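Thank you all for making time this morning. I would like to walk you slowly through one structure, and I would ask you to keep the picture in view while I speak.

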Amino acid sequence: MDLNATAAAVKAAQTDWAKTSIQARAEALRRVGERLVSQADQLAEVVQRETHKCATDAWFADVTANHDLFTWWADNGPALLTGRRSKLSSVKYPGKQGE
């Protein structure tokens with residue numbers, strides 16, 4: 001893995017994401033939640049295999065919880081974030097813009 005190339009790709013993706021409207025971001029989060037549901041069986045199997053959780057724990061602690069998280073932010077994020085600028089430290093977040 002080329003760390004410099006990966007970091008550059010992440011920075012470019014974040015720059016594009018920052019230009020995306022809040023509503024479009026919410027819809028992207030909703031689509032992620034929908035993909036989780038559409039692949040829930042496979043995801044639960046991977047969680048079970050990698051963490052040795054039982055099926056119930058994999059479903060409720062990982063699949064359902066993450067679906068709920070993406071859905072909550074898709075539903076509530078726009079109202080919480082619209083019209084707000086975050087206070088960002090230029091020392092902690094160089095190159096970021098905020099108040």
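I will begin with how to read the model, then go along helix α4, and finish with salt bridges and a few separate places.

Please keep in mind that this is a predicted model, in which local features need pLDDT of at least 70 and side-chain atom pairs count only at pLDDT 80 or more, while totals for chains, interfaces and linings use all residues. Residues are numbered from 1 along each chain as its sequence is written, and side-chain values use heavy atoms, with hydrogens and water left out.

Let us start with helix α4, which covers residues 55-81; helices here are DSSP runs of H or I with at least four residues, strands are runs of E with at least two, and both are numbered from the N terminus. Where does α4 bend? The bend is at Asp 75 and amounts to about 40°, with a proline, Pro 78, following within four residues; the angle is taken between axes fitted to the seven residues ending at a position and the seven starting there. Just after α4, Gly 83 takes a positive phi of about 75°.

Which residues of α4 are buried? They are Ala 58, Asp 62, Val 63, Ala 74, Gly 77 and Pro 78, where buried means under 20% relative accessible area, exposed means over 50%, and partly exposed is in between, using a 1.4 Å probe and protein chains only. The cover over these buried residues includes α2 (22-38) and α3 (40-51), and contact in this sense means heavy atoms within 4.5 Å.

Turning to the surface, Leu 69, Trp 72, Trp 73, Leu 80 and Leu 81 make a nonpolar patch of about 460 Å². Patches are made of residues with over 30% relative accessible area and no salt bridge, nonpolar side chains (Val, Leu, Ile, Met, Phe, Trp, Tyr) being joined within 5 Å and like charges within 9 Å; the areas come from the Shrake-Rupley method with a 1.4 Å probe, and for residues only the protein chains shown count as cover. Within the patch, Leu 69 is partly exposed, with a relative accessible area of 44%, Trp 72 is partly exposed at 41%, and Trp 73 is partly exposed at 35%.

How many aromatic pairs does a search of the whole structure find? It finds 1, and that pair is formed by Trp 72 and Trp 73, edge-to-face, with 4.9 Å from centre to centre and 85° between the planes. For this purpose, rings of Phe, Tyr and Trp (its six-membered ring) pair if their centres lie within 6.5 Å, with planes under 30 degrees apart counted as stacked, over 60 as edge-to-face and the rest as tilted.

Now to the salt bridges, of which a search of the whole structure finds 3; a salt bridge is a side-chain nitrogen of Lys or Arg within 4 Å of a carboxyl oxygen of Asp or Glu. Glu 27 and Arg 30 meet in one of them, at 3.9 Å from N to O, and, being 3 residues apart in helix α2, they are separated by about one helical turn. As background, an α-helix has 3.6 residues a turn, so residues three or four places apart point the same way.

Arg 30 also forms a salt bridge with Asp 75, the closest N and O atoms being 2.8 Å apart. Because Arg 30 lies in helix α2 and Asp 75 in helix α4, this pair ties together parts that are 45 residues apart in sequence. Glu 27, Arg 30 and Asp 75 are thus linked in a network of salt bridges, and we have already met Asp 75 as the place where α4 bends. Asp 75 is partly exposed at 46% relative accessibility, as is Arg 30 at 24%.

A further salt bridge joins Lys 53 and Asp 62, with the closest N and O atoms 2.7 Å apart. Is each partner buried or exposed, or partly exposed? Lys 53 is partly exposed, at 29% relative accessible area, whereas Asp 62 counts as buried at 19%.

Finally, His 52 is found in the loop between α3 and α4, where it has a positive phi of about 65° although it is not a glycine, and it counts as exposed at 71% relative accessibility.
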